[in-house]
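Colleague: Please take a close look at one part of this model for me. I would like the surroundings of one proline first, then whatever else helps to place that chain and its partner.

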Amino acid sequence: MSWFTQIGLVHYLVLSAVLFCAGMAAVIMRRNAVVVLMGLELVLNAASINFVAFSRYSGFERPLYGHVVVVFIITLAAAEAAVALAIVLNIYNRFSTIYVDEIDTLKE
Amino acid sequence: MTGETWNVIIFWSLAAMTVVPAVALLIVRDVIRCSMLLLATLSGVAGLFVLLGADFVGFVQILVYIGGILVLLMFGVMLTNRDPVLLRRVRERGLVAPALIAGGVMLAPLVYLMLAIQWKQPPGPLPEPQYSARGIGTLLMTDFILPFEVISVLLLAALIGAAFVARMGSERA
């Protein structure tokens, strides 16, 4: 039972893998466009956990590199969420729905 | 209780607080409840950052992710929500089994890979985590100066772009 009582790098990696797959599944499967954006934030958070975990456990030559990358990831996530939400609002104005399976005027 | 025991207890509590709302985000139908679940997940991630010794990143996560991005998403929910408040179903119709199966199929190779690879471990014990704000600031000005400048240009572009796209087409016919 040492996997339960000794926390190592692998624990954080598996945690971030679960978060990543949950976010990816939310992006693929949910109909509401805002929930798709929430799943996208989950994916980015999973990657951030990975970066910080590696920076802690394997970053003995270059400490804090993972932290700086995560600061950039959070900045990019904020910019991308703003633009994506602007697009979603425009779609809602145009089609009166945000369910992604009902927005299909591009296919014949 | 030793520090190592506290480490284990806090890790498993934060892991549960992070993973359980994330999986529930797949299944819950009401989008407002989904945003609350995302709040719980982001808070758990911030706690995990602090547990890993990344105090500055954890606080930036709370300030920017929860205080900025989540609030932005909730504004989006508010402006686009047409469902009635009282819902008869809690779970999205017909999505529980496919959610878990799809998530599990994506998860299995990842977990196998993470358990099978021999990760590079430091020789000796891990260093004590220190306050990281000064080190991050120094790195941003020395090793990461180019991404720092580029991201400021990107933020300007995103700001202008979002304001332009979201102007609601009041002058369109």
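Modeller: Start with B:Pro21, which is buried because its relative accessibility is 11%, and the cut-off for buried is under 20%. Keep in mind that this is a predicted model. B:Pro21 sits in helix H1 of chain B. Set aside its neighbours within four places in sequence, and its contacts are B:Ala16, B:Leu37, B:Ala40 and B:Thr41. B:Ile32 comes eleven residues away from B:Pro21 in sequence. In space, the two C-alpha atoms are 13 Å apart.

Now the chain around that proline. Chain B has six helices and zero strands. Its pattern along the sequence reads α-α-α-α-α-α. Of its 173 residues, 34% are buried. Take the contacts in chain B between residues at least 6 apart in sequence: 68% of them join residues at least 24 apart. The accessible surface of chain B is about 10600 Å². Carbon and sulfur atoms account for 72% of that surface.

H1 of chain B also helps to line a pocket. This is the second largest pocket, with a volume of about 230 Å³. H1(B) supplies the largest share of its lining, three residues. H3 of chain A also gives two or more residues to this lining. From chain A, the lining takes A:Gln6, A:Ile7, A:Tyr12, A:Arg56 and A:Tyr57. From chain B, it takes B:Gly3, B:Glu4, B:Asn7, B:Leu51, B:Leu52 and B:Leu126. By type, this lining has six nonpolar, three polar and two charged residues.

The largest pocket holds about 340 Å³ of space. It is lined by 21 residues, and those closest to its centre are A:Pro63, A:Leu64, B:Pro127, B:Glu128 and B:Pro129. Two elements each give two or more residues to this lining: helix H3 (33-57) of chain A and helix H5 (133-141) of chain B. H3(A) gives the most, three residues. The lining splits into ten nonpolar, eight polar and three charged residues.

A:His67 is another residue with contacts in both chains. Its place is in helix H4 (residues 65-95) of chain A. A:His67 is buried because its relative accessibility is just 4%. Beyond its neighbours within four places in sequence, A:His67 touches A:Val52 and A:Ser55 in its own chain. Across in chain B, A:His67 is in contact with B:Gly53, B:Ala54, B:Val57, B:Ser132 and B:Ile136.

Last, the cysteines. There are zero disulfides over all chains. Why does A:Cys21 form no such bond? The closest cysteine sulfur belongs to B:Cys34 and lies 18 Å away, so the gap is too far for a bond. For a disulfide, the sulfur atoms would have to be within 2.5 Å. B:Cys34 is likewise in no disulfide, its nearest cysteine sulfur being that of A:Cys21. A:Cys21 is buried, at a relative accessible area of 2%. B:Cys34 is buried as well, at 0% relative accessibility.

To return to your proline: B:Pro21 lies in H1 of chain B, the helix that gives three residues to the lining of the second largest pocket. B:Pro21 itself is not among the residues named in that lining. Its listed contacts are with other residues of chain B, namely B:Ala16, B:Leu37, B:Ala40 and B:Thr41.

Terms used
Residues numbered from 1 in each chain as written. Chains lettered and ligands numbered in written order. Predicted model: local features only at pLDDT ≥ 70, side-chain atom pairs only at ≥ 80, totals over all residues. Heavy atoms only, no water. 1 Å grid on protein atoms, 1.4 Å probe; cavity = no way out; pocket = protein on both sides within 12 Å on 5 of 7 lines; lining within 4 Å. Points joined across faces, edges and corners; volume = space filled by probe spheres on them. Helix = DSSP H or I, 4+ residues; strand = E, 2+ residues; numbered from the N terminus. Nonpolar A, V, L, I, M, F, W, Y, C, P; charged D, E, K, R; others polar. Buried < 20%, exposed > 50% of the residue type's maximum accessible area, 1.4 Å probe, protein only. Contact = heavy atoms within 4.5 Å. Areas by Shrake-Rupley, 256 points an atom, 1.4 Å probe, with all protein chains shown as cover.
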